[in-house]
Amino acid sequence: MEKTIVIDGQEVRLKSTGATVLRYKAQFQKDFFSDLFRLVKGGKAKEDGTIDVDSIENIDFEFFYNFIWVLAKQANKEIPDVMTWLDGFETFPIMDLVPEIQDLLYKTIQSKKK
């Protein structure tokens, strides 16, 4: 699945593939699912799916920065390492970007029903 989002006025192409989880682990030496479940445990969502602001201090947003970089790297092999890439943005409004990447995150973890 591919999607283009806008970060700090720049169009960024993102791509989720069957290798997304393994690329995440290879790049960050962390288990994707462990990080994801830790994130879910730390923050609480409201019934409408938005994040409960009162629980925000429990969320480790590093997961989202890393996940977005992996998606961008899969779409464009030329992007630099994660820190250099992030430095290329004056702002990186993670709270605005999370809803933009939810479908890609869902596609990464969903299972097919038979």
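## The loop between α1 and α2

Gln-29 lies in the loop that runs between α1 and α2, in a model that is predicted. With a relative accessible area of 63%, Gln-29 is exposed, since exposed residues are those over 50%. The side chain of Gln-29 nevertheless has a partner within the protein, in that it reaches the backbone oxygen of Ala-26 at 2.8 Å.

## A buried aspartate in α2

Asp-35 is placed in helix α2, which spans residues 32-42. Its relative accessibility is 9%, and Asp-35 therefore counts as buried, the cut-off for that class being under 20%. When residues up to four places away in sequence are not counted, Asp-35 touches Tyr-24, Lys-30 and Phe-63. Two of these names return below, Tyr-24 as a residue of α1 and Phe-63 as a residue of α3.

## Packing of α1 against α3

Two packed helices are described by the angle between their axes and by the distance between those axes. For helix α1 (residues 20-28) and helix α3 (residues 62-75), the angle is about 115 degrees and the axes are 10 Å apart. The two helices α1 and α3 are therefore roughly perpendicular to each other, and their crossing is right-handed.

On the α1 side, the residues that meet α3 are Thr-20, Arg-23, Tyr-24, Gln-27 and Phe-28, while α3 contributes Phe-63, Asn-66, Phe-67, Trp-69, Val-70, Leu-71 and Gln-74. Sorted by class, this contact of α1 with α3 has 7 nonpolar, 4 polar and 1 charged residues.

## Packing of α3 against α5

Helix α3 also packs with helix α5 (residues 94-109), here at an angle of about 60 degrees and with the axes 10 Å apart. As a consequence of that angle, α3 and α5 are oblique to each other, and α3 passes α5 in a left-handed crossing.

The residues of α3 that make this contact are Phe-63, Phe-64, Tyr-65, Phe-67, Ile-68 and Leu-71, and those of α5 are Ile-94, Leu-97, Val-98, Ile-101, Leu-104, Leu-105 and Thr-108. By class, the contact of α3 with α5 has 12 nonpolar residues, 1 polar residue and no charged residues.

## Residues of α3 in both contacts

Phe-63, Phe-67 and Leu-71 of α3 appear in the contact with α1 and also in the contact with α5. Phe-63 is, in addition, one of the residues touched by Asp-35 of α2.

Key: Residues numbered from 1 in each chain as written. Predicted model: local features only at pLDDT ≥ 70, side-chain atom pairs only at ≥ 80, totals over all residues. Heavy atoms only, no water. Axes fitted to C-alpha atoms, helices over the stretch in contact; angles between N-to-C directions. Helix = DSSP H or I, 4+ residues; strand = E, 2+ residues; numbered from the N terminus. Parallel < 35°, antiparallel > 145°, perpendicular 65-115°, else oblique. Left-handed = near helix turned anticlockwise from the far one by under 90°. Contact = heavy atoms within 4.5 Å. Nonpolar A, V, L, I, M, F, W, Y, C, P; charged D, E, K, R; others polar. Buried < 20%, exposed > 50% of the residue type's maximum accessible area, 1.4 Å probe, protein only. Polar contact = N/O pair within 3.5 Å; in protein donor to acceptor, adjacent residues only side chain to side chain.
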